[in-house]
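Morning, everyone. I've got one model to walk you through, so let me put it up on the screen.

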Amino acid sequence: MTVIDSNSQTARATAGTATRSVFVDGGSGTTGLGIAERLAHQSDVVVKTIAEDKRKDPAAKRALMAEVDLVILCLPDDAAKETVALIDGMGHAAPKVLDASTAYRVAPDWAYGFPELAADQSDKVRNARKVSNPGCYPTGGIALLRPLVDAGLLPQDYPITVNAVSGYSGGGKSMIAAYENGTAPSFELYGLGLEHKHLPELQLYSRLTRRPIFIPSVGNYRQGMLVSVPLQLDTLPGKPDGADLHAALAKHYAGSKYVSVLPLDGAAAKSGRLEPEALNETNQLELHVFASDKHHQAVLVARLDNLGKGASGAAVQNMRLMLGLPDLGS
Ligand SMILES: NC(=O)C1=CN([C@@H]2O[C@H](COP(=O)(O)OP(=O)(O)OC[C@H]3O[C@@H](n4cnc5c(N)ncnc54)[C@H](OP(=O)(O)O)[C@@H]3O)[C@@H](O)[C@H]2O)C=CC1
Ligand SMILES: CC(=O)N[C@@H](CCC(=O)OP(=O)(O)O)C(=O)O
């Protein structure tokens with residue numbers, strides 16, 4: 001990565017030949033810092049930075065955005081909308097934009113940045129001018145549900161419940177501070193008003209016609225998450241067993257670099273246990289099928305780093321697609 005300070009226009013670090021330039025708006029927040037860490041190892045990307053005292057100044061942002069190929073927004077929703085309005089006003093000089101917030105995840109003129117969603121999704125991301133980076137929980141939920149809906153194993157109107165637990169970094173700087181200064185509870189369910197901001201994207205990209213119930217929770221550890229979906233298999237058409245669900249997931253993600261479907265009889269299945277932190281600092285997403293033939297029940301579980309495939313890792317994966325750069329792996 002090359003970092004260029006917008007004030008001095010001086011290259012502060014160089015490594016290799018830089019071919020594309022990006023500006024990360026909100027670069028000092030949790031997601032922005034995670035992106036910077038990943039880009040530190042990428043010599044074909046120049047990161048242009050804004051002076052600390054100008055980082056919320058629209059004119060300074062506009063001037064910097066005119067110089068880059070891509071802007072990555074790591075901002076609260078309202079601030080993301082303000083920067084998108086600036087970009088929309090730039091006409092032909094407008095850079096591409098990748099938004100990590102919730103603001104545009106179901107907007108029809110934005111591509112959804114989950115390249116593994118369907119066979120043509122990578123191309124949609126590659127060719128789009130505006131891409132929304134998925135929410136951390138929907139990344140796990142959609143990854144489990146969409147292939148099963150597409151395969152006809154789950155009816156679109158099936159009453160789905162998604163349970164999840166996240167590390168506290170999922171709540172950004174304010175939640176990190178609350179946990180690290182000891183004022184937050186050890187564990188908490190939330191979203192119990194059934195209006196969590198991730199529900200629209202979870203429903204839309206899973207192709208569910210019935211709104212799922214989503215029950216997130218947060219625990220006293222920094223990062224890593226589990227997203228799980230319980231199923232009563234004898235209520236599904238054709239009464240599939242765990243092997244049928246597993247086969248459909250394995251078929252969908254065959255050859256995927258970042259999404260793996262773990263064996264039905266693997267270590268987790270044998271122990272009946274799964275912890276959330278195993279994939280931290282990676283862009284990997286693991287899918288598990290736990291099933292009982294005896295009871296005709298299954299639980300699908302996705303494991304990921306909320307700051308990896310759930311945020312910064314996915315953002316860098318999408319950024320490289322949007323810039324026409326080769327994938328570098330996680
Ligand atoms: N943390 C996570 O696991 C995930 C987060 N996201 C999403 O990514 C986005 C960023 O989240 P996260 O990094 O966690 O949040 P943080 O609270 O950690 O960081 C947000 C950053 O944005 C800055 N900021 C706020 N307003 C402006 C503005 N107008 N111009 C420039 N900078 C501004 C903040 O600065 P200051 O503090 O000075 O206001 C802060 O540095 C959010 O939309 C979030 O929902 C997405 C996936 C996962
Ligand atoms: C623990 C925690 O609070 N998590 C956040 C979600 C983090 C995330 O992915 O938010 P985005 O929609 O911005 O991507 C929440 O539930 O609001």
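I'll go through one helix, then two helix pairs, then a loop residue.

Quick housekeeping first: this is a predicted model, where local features need pLDDT of at least 70 and side-chain atom pairs count only at pLDDT 80 or more, while totals for chains, interfaces and linings use all residues. Residues are numbered from 1 along each chain as its sequence is written, and chains are lettered from A and ligands numbered from 1 in the order in which they are written. When I say helix or strand, I mean DSSP runs numbered from the N terminus: H or I with at least four residues for helices, E with at least two for strands.

Okay, helix H3, residues 77-88. Taking 1.5 Å times one less than the number of residues as the expected span, its twelve residues should cover 16 Å, and the end C-alpha atoms are indeed 16 Å apart.

So which residues of H3 are buried? They're Ala-80, Thr-83, Val-84 and Ile-87. Looking down the axis of H3, those buried residues fall within an arc of 105 degrees, so they line one face of the helix; the arc is taken from the directions from the helix axis to the C-beta atoms. Over on the other side, Asp-78 and Ala-85 are exposed. Buried means 20 or more other C-beta atoms within 10 Å of the residue's own, exposed means 12 or fewer, partly exposed is in between, and C-beta atoms are placed from the backbone.

What covers that buried face? Strand S3 (20-25), helix H2 (58-65), strand S5 (70-73) and strand S6 (96-99) are among the elements that do. Contact here means C-beta atoms, placed from the backbone, within 7 Å.

Now, H2 and H3 pack at about 55 degrees, axes 10 Å apart. Axes are lines fitted to C-alpha atoms, for helices over the stretch in contact, with angles from 0 to 180 degrees between N-to-C directions. The contact uses Pro-58, Lys-61, Arg-62 and Met-65 from H2, and Thr-83, Leu-86 and Ile-87 from H3.

Second pair: helix H1 (residues 30-39) and helix H10 (residues 308-322) have axes that come within 8 Å and cross at roughly 50 degrees. On the H1 side, the contact includes Gly-34 and Arg-38; on the H10 side, Gly-313 and Val-316 are among the residues involved.

Last stop, Leu-194, in the loop between strand S10 (187-189) and helix H7 (199-206). Buried or exposed? Leu-194 is exposed, because just 11 other C-beta atoms are within 10 Å. Leu-194 also sits 6.8 Å from Ile-213, C-alpha to C-alpha, with their positions 19 residues apart in sequence numbering.

How values were computed
Contact = placed C-beta atoms within 7 Å.
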